[in-house]
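Here's a quick tour of a two-chain model for anyone just starting out with protein structures. Grab the viewer and follow along, topic by topic.

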Amino acid sequence: MLFGRKQKNPIKIPDKGVVEWKYTTCGYCSTGCSIEVGLNDRGEAVTSRGVGGAHVNQGKLCLKGIFEHELFRSAGRGRVPLIRERRHEAFQETDWDTALDRVAGEIQRIQAKHGRDAFAIVSTGQIMTEEFYTLGKLARGVIGTNNYDGNTTLCMSSAVSGYKRSFGSDGPPGCYDDFEHTECLLAIGSNLPEQHPIIYWRLRQALEKRRFPVIVVDPRVTMFAQMADIHLPISPGTDVVLLNALAHVILDEGLEDRAYMEAHTSDIEAFEAEVAKWDPDTAAPVCGIDADTIRNVARTYARAGAAMTIWTMGINQSTHGSDGVVGINNLNLITGNIGKPGGTSLSITGQANAMGTREWSSCSGLPGYRQLENEEHRKEIAAFWGIDPEFFPKKRGLFQTDIFPAIETGQIKGLWIIATNPMTSMTNTARIRRILEKLDFLVVQDAYEDVETNEYSHVYLPAAVWAEKQGCFTNTERRVNLVRNVQPPYADSKPDFWIFNQMAKRFENGRKIRFPETTEGAFEEMKQLSKGRMLDYSGMSYEKIERNRGLQWPCREDDEVGAPRLYTDGKFQHPDGRAKLIPLPWTDNNERPDDEYPFWLNSGRVVEHFHTRTRTGKIGNLNKFSPTPYMEMNPDAARRLGVEHGKYARLVSRRGDAVVLVQLTQRVPPDMVFVPFHFHECVNRVSLGLLDPHSRQPAFKQCAVRVEAIEDQTAAAVRNRAARSY
Amino acid sequence: MYKVRDDEPAYAYIPDKVAPEKNRYGKPIQLVEEDDPLAGQSLRINNDPAVGRNPNRYKQHGFYFTADNCIACHACESACSEKNDLPPHLAYRAVGYVEGGTWPNYRRVNISMACNHCDDPVCLKGCPTRAYTKFAEYGAVLQDPDICFGCGYCTWVCPYNAPQLDPVKGQVQKCNMCVDRLEVGLKPACAAACLAGALDFGVIETTPDKREQLKTRIPGFPTPEITHPNIRFQQTATLPREMTRTDAMPLQYVRDEPGAGEHAPRVRKQGEKRAWNLGKLRSREDPLVIFTLVSQAVIGAFLILFLGPLAGFEMLSPEAHPVAYPALLFGLLGAETFALALSTLHLGKPHRFYRAFNNLRYSPVSREVAGIAVFYNLLGVYTVLVTFPGLLGWLSAESAASLTSIIGWLAVLAGPAALYFMHAIYRIAARPFWNHWQVLTSFYGNMLALGAVSVGLVYGAVLAAQGGASAELFRLLASILAAGLAMEGVGLYYHARDLQRGGGEGAASHHIQTTRFGRTWLARNAGLGLALLLALVFALLPATGWTGAALWLGLSVLVVATALVGRGLFYVLVVPTTMPGAFFWRNQGFAEHAREAHLAEMPQVGVVPDAH
């Protein structure tokens with residue numbers, strides 16, 4: 001002691017008394033961080049830390065991961081199954097058998113009366129791959145509905161569709177290590193520091209070692225945009241125009257990798273013909289980026305030895321989402337930037353296991369990137385599961401965003417919602433309420449009984465959350481990582497895997513097909529089904545995954561580790577082995593701001609929250625950073641309307657209205673407002689969500705609104721408070 | 001010892017860098033030599049007797065913050081809160097921001113700030129209980145919640161809002177530099193968690209790898225001159241001339257020289273209208289409003305009662321009021337007892353009140369409490385001796401009289417001295433609104449004014465009841481009252497003038513007092529002026545009897561109301577030099593709204609509902 005007390009007391013520093021660390025993988029976003037959860041001597045999860053030697057996160061975690069152990073004791077969890085005859089009655093607590101019998105009975109009744117497809121299933125990107133595989137088996141092989149999709153339609157569908165169109169298959173071809181090799185990074189519609197802080201950290205690490213140009217395309221001046229060497233504040237919904245113009249400059253100035261194009265791509269002429277129309281001077285007034293800047297960016301990108309593009313919802317959630325992804329792929333194909341270190345089209349995925357559902361859930365086809373449209377695939381899977389291939393439909397059914405309108409028009413009568421919350425996540429909340437009201441039967445399966453969609457359910461099944469169960473997640477860079485069981489499921493909640501298995505037993509086909517008792521058993525089936533394919537798991541085991549802190553696929557039977565990149569040999573998954581260069585004509589089909597609704601409405605995520613806040617809204621040390629909805633608005637625009645900083649304002653669109661706290665900031669343009677999408681009864685009361693023709697993903701980020709000052713601030717505060725149960 | 005795992009990543013270790021001998025303020029970085037008796041001791045972290053093996057254990061450590069890089073991802077704050085097991089409403093480290101420019105040429109600078117383990121820790125000096133220690137180990141300034149009694153004074157004096165008063169536990173807690181991690185060579189949890197290459201840690205004045213600046217100022221950070229904080233910044237990106245805060249503080253940071261120079265704090269006026277906001281005058285410091293005013297009134301009244309007769313004003317003497325004089329003294333004693341009880345209950349842990357005297361050497365709080373305690377005891381003894389002269393029957397009448405007189409004289413010295421120390425409490429560099437001599441004129445002014453009011457109310461009524469003439473009494477008391485009010489008025493005039501001239505946080509306080517509380521402030525000023533005028537009229541044309549008493553009562557109500565409003569404003573108007581907040585977290589405006597709109601009832605909102 002230098003100064004102060006002579007008689008020193010011992011220093012007290014909280015010691016959580018960890019006696020054991022358990023290995024898991026984070027259950028929030030798809031960065032795929034390895035987490036160790038610390039247990040005290042009573043077996044309670046008391047702390048989390050990033051696994052030091054993990055390839056992805058090297059000991060780091062974002063704030064959500066830092067507090068992930070608090071999930072196990074968070075508020076609002078479902079304790080026991082709940083049941084009611086009609087939606088307006090109170091729930092009764094019940095046991096699992098009664099609840100499952102009721103669900104199975106309703107499915108059978110609805111299917112018998114209205115046809116197999118009259119019962120729909122909407123799942124998630126949150127549960128484990130083995131659970132997805134099992135659910136797929138249940139939906140496709142047992143229940144046999146073709147109206148089965150995941151909420152990935154709201155986030156990754158455009159990336160899937162774009163990858164399939166360009167390369168013949170889904171599967172992000174790159175990896176985080178590409179940052180270490182690239183000479184130019186183009187980030188379009190990705191706010192990496194906020195959405196994927198650990199991936200941003202990987203980029204930052206690479207930049208600390210070696211500078212390379214970072215170009216960020218985003219209408220808002222995000223922190224990422226500020227960090228960028230070049231920021232392109234693009235007009236909403238015009239990414240395809242910019243991408244066409246970049247390709248135009250590259251082809252026009254002969255900067256393309258002609259040898260790569262000739263060797264590995266097809267349809268060059270049609271592509272060149274379309275791109276020829278998009279010279280920078282034509283594109284500039286449309287996309288809001290001046291012609292010289294477009295040329296500068298195109299040259300920088302094309303001249304880099306290796307260049308890569310990353311993107312997230314700025315591309316995907318658009319009426320041209322799939323085309324945007326194809327445009328990025330086009331750019332990388334003409335510059336020879338696919339399958340090489342530092343050269344890639346890397347879609348930064350959203351949910352922890354969005355990749356798992358894409359690979360194994362059979363939502364868009366059959367397990368292991370197989371398609372319903374392919375007779376071989378149908379036969380293969382039918383044989384493996386031991387059912388008649390004719391049981392499968394020959395074409396994929398409706399996407400999530402088409403299932404809801406089909407309920408509206410009466411084709412679908414029953415719905416099973418698993419770990420997703422359309423009441424908050426889908427556009428036009430009022431319409432979603434009307435749709436859910438129309439269902440004869442709704443079953444909600446979720447870890448939280450206060451999930452808003454539960455308001456409309458007849459049966460609620462309480463599911464275990466995250467590491468209350470065991471299984472795998474696949475991350476953005478195709479790395480399969482393991483969630484070890486850390487805590488027993490809360491109260492009488494059950495792992496989704498168990499629920500699917502029990503449900504299968506209540507159907508005729510379910511008693512014919514083998515449903516392994518353990519997730520590891522399901523993993524073995526997946527290994528067998530993937531052997532020899534691009535999506536190859538056969539070299540993996542739980543033990544090997546944990547030892548390597550995750551393995552990337554393809555990981556073939558004798559591989560020590562998986563492959564970091566796809567298409568390194570220039571062979572693609574289209575039948576001719578080539579990637580397609582696809583012409584992208586562009587039409588302006590968004591609801592644009594006009595005199596009545598003069599602002600673009602943009603939406604997005606904030607770092608402290610995940611999706612509809614069912615988890616993060618209950619963890620105070622996360623939620624406190626944005627406990628109530630707000631809107632970023634340009635102060636110059638606000639002044640004209642009398643809208644004040646820190647006060648409530650009303651957001652009005654052709655769909656409805658919402659009340660938000662106003663945060664005035666020059667980070668948004670004068671003709672745009674930005675609202676985080678996490679909050680119930682907020683942005684989606686006003687959003688439109690036009691659908692992409694290929695991916696059926698909604699354009700969450702583009703519609704028109706007006707902003708009104710609110711005289712009675714007290715009433716606004718009461719209304720906002722009333723919409724917050726957490 | 002903290003357990004280091006086998007796969008601890010390299011970035012988590014503190015680099016062993018060569019530091020200069022002295023820091024920029026001339027202090028040696030090596031705090032004690034290896035052979036010093038202070039060296040080689042265990043920190044006894046959670047009673048562990050082990051001694052850390054960090055090679056730089058006795059060097060001053062500090063934080064490095066590259067403001068260019070911070071992305072406000074909250075990882076540092078969260079790693080800290082998680083490790084220290086903090087509830088949502090409390091945080092040792094917080095990230096706020098300032099922003100400027102026009103879209104798309106907009107720039108936001110995030111600032112992550114915890115304790116700066118200063119060379120000159122004002123918290124340590126201010127703490128009356130001596131809960132703070134600056135350790136030879138790492139130069140860490142640590143606070144012991146087990147000693148703290150929750151007065152919150154450290155949270156006033158710290159320019160960086162580092163010590164956190166937990167209203168639930170009633171104690172202060174703060175950053176402990178993660179000394180458990182330092183002992184094994186690891187960086188604090190926050191620095192190890194940083195995802196943007198922004199926050200780092202090491203021996204002070206050693207430039208981290210790939211960094212080039214060791215600045216002591218960035219926009220939004222208070223002047224380092226107050227405490228010589230152990231934090232160094234890098235901020236190379238060009239910033240817009242004006243950087244504003246998003247929280248409710250009406251402040252911005254403006255660079256006046258073209259293209260260069262530092263950003264200095266300026267008021268941010270946004271056309272706020274003049275309002276009353278009387279309800280918002282109430283705060284956690286309500287008990288202090290009463291405590292300070294009552295103490296000032298009691299001391300003033302005692303001075304009048306004791307010195308008045310000595311100065312020849314016989315109408316004040318015990319002889320003139322054989323019953324009322326001791327009764328009034330007992331009344332004063334009772335009032336002061338009540339005030340002391342209030343100020344004690346205002347503590348987070350009232351049962352530890354006796355620790356207030358622990359830091360007489362440095363803390364103005366200790367000195368104030370000691371001063372008030374001395375005065376209070378002398379007043380008590382004097383009151384008893386005056387009331388029961390028989391107690392000194394064993395002494396000669398002369399000796400008894402001189403003993404009583406000595407006690408009285410001592411109380412006369414102790415009272416104003418206590419008020420001087422009371423004023424010194426508020427002379428805080430980190431709180432420019434308070435750091436002005438006006439506090440002294442206000443406290444002494446109120447001493448005179450409220451003292452005169454108190455004596456006048458009692459004696460005026462007694463004289464009226466007795467049918468005695470009270471004109472002379474009122475003439476004297478009204479003069480004293482006028483002098484007190486004038487002193488207050490002169491102080492307030494120069495205070496307002498100097499606040500506006502001084503700019504920065506003081507001017508921001510003045511801006512709030514003329515806008516948010518504008519009507520209240522004007523009413524208080526008018527009340528003060530009117531009271532002064534009436535007091536002067538009273539002094540020149542004193543009324544007598546019941547008329548006099550009634551008029552005095554009316555004047556007293558005005559004076560007391562003015563004093564209450566004025567003291568209320570004194571506490572709510574202060575704008576500390578603390579760090580900028582964010583839109584929700586560490587935004588006083590949002591916290592206030594959350595309480596009013598019942599959002600605070602959800603604990604995960606991170607705002608504790610108000611108890612006062």
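In which sense do strand β7 (residues 119–123) of chain A and β15(A) pair, and over how many bridges? They pair in the parallel sense, over 4 bridges. Keep in mind that this is a predicted model, so treat what follows as a description of a prediction.

**An enclosed strand in chain A**

- Let's stay with β15(A), which covers residues 414–418. Because 5 of its 5 residues are buried, β15(A) is largely enclosed by the rest of the structure.
- In a regular strand, side chains alternate between the two faces of the sheet.
- For β15(A), both faces are covered. Gly414(A), Trp416(A) and Ile418(A) sit on one side, Leu415(A) and Ile417(A) sit on the other, and all of them are buried.
- To see the pairing with β7(A) up close, find Trp416(A), which is the bridge partner of Ile121(A).
- β15(A) also pairs with strand β16 (residues 441–446) of chain A, and here 5 bridges join the two parallel strands. On that side, Ile418(A) has Gln445(A) as its bridge partner.

**A covered helix in chain A**

- Next up is helix α4 of chain A, residues 157–167, which is mostly covered: 10 of its 11 residues are buried.
- Among the buried ones are Val160(A), Tyr163(A), Lys164(A) and Phe167(A).
- What do these buried residues of α4(A) pack against? Their partners in chain A are the helices α13 (313–316), α14 (321–334) and α15 (354–360), plus the strands β14 (344–347) and β21.
- Right after α4(A) comes Gly168(A), with a positive phi near 90 degrees.

**Helices side by side in chain B**

- Two packed helices are described by the angle between their axes and the distance between the axes.
- Try this on helix α11 (residues 471–502) and helix α13 (residues 518–540) of chain B: their axes come within 8 Å and cross at roughly 150 degrees. Angles over 145 degrees count as roughly antiparallel, and therefore α11(B) and α13(B) are roughly antiparallel to each other.
- The crossing of α11(B) past α13(B) is left-handed.
- Where they meet, α11(B) brings residues including Phe474(B), Leu481(B) and Leu485(B), while α13(B) brings residues including Leu528(B), Leu532(B) and Phe538(B). Sorted by class, this contact has 13 nonpolar, 2 polar and 2 charged residues.
- α11(B) has another neighbour too, helix α10 (residues 438–466) of chain B, and the axes of these two come within 8 Å and cross at roughly 160 degrees. α10(B) and α11(B) are therefore roughly antiparallel to each other.
- This crossing of α10(B) and α11(B) is left-handed, and the contact has 20 nonpolar, 10 polar and 1 charged residues.

**Where the chains meet**

- How many residues of each chain are in contact with the other chain? It's 64 residues of chain B and 60 residues of chain A.
- On the chain B side, α1, β2, β3, β4 (132–134) and α4 (179–182) each supply at least two residues. The largest share, 5 residues, comes from α1(B).
- By class, the side of chain B that touches chain A has 33 nonpolar, 16 polar and 15 charged residues.

**Unusual backbone spots**

- Most residues other than glycine have a negative phi, and most peptide bonds are trans. Here are some exceptions to look up.
- In chain A, a cis peptide bond joins Trp553(A) and Pro554(A), with omega about 0 degrees. Pro554(A) lies in the loop between β20 (551–552) and β21 (579–580).
- In chain B, Trp103(B) and Pro104(B) are also joined by a cis peptide bond, with omega about -5 degrees. You'll find Pro104(B) in the loop between β2 (94–102) and β3 (105–113).
- Arg44(B) isn't a glycine, yet its phi is positive, near 45 degrees. Look for Arg44(B) in the segment before β1 (61–66) of chain B.
- His74(B) has a positive phi as well, near 70 degrees, and is located in the loop between β1 and α1 (75–83) of chain B.
- Which of these is buried and which is partly exposed? Arg44(B) counts as partly exposed, because it has 15 C-beta neighbours inside 10 Å. His74(B) is buried, with 31 other C-beta atoms within 10 Å.

Definitions and conventions:
Residues numbered from 1 in each chain as written. Chains lettered and ligands numbered in written order. Predicted model: local features only at pLDDT ≥ 70, side-chain atom pairs only at ≥ 80, totals over all residues. Buried ≥ 20, exposed ≤ 12 C-beta atoms within 10 Å, placed from the backbone. Contact = placed C-beta atoms within 7 Å. Pairing = 2+ DSSP bridges. Axes fitted to C-alpha atoms, helices over the stretch in contact; angles between N-to-C directions. Parallel < 35°, antiparallel > 145°, perpendicular 65-115°, else oblique. Left-handed = near helix turned anticlockwise from the far one by under 90°. Nonpolar A, V, L, I, M, F, W, Y, C, P; charged D, E, K, R; others polar.
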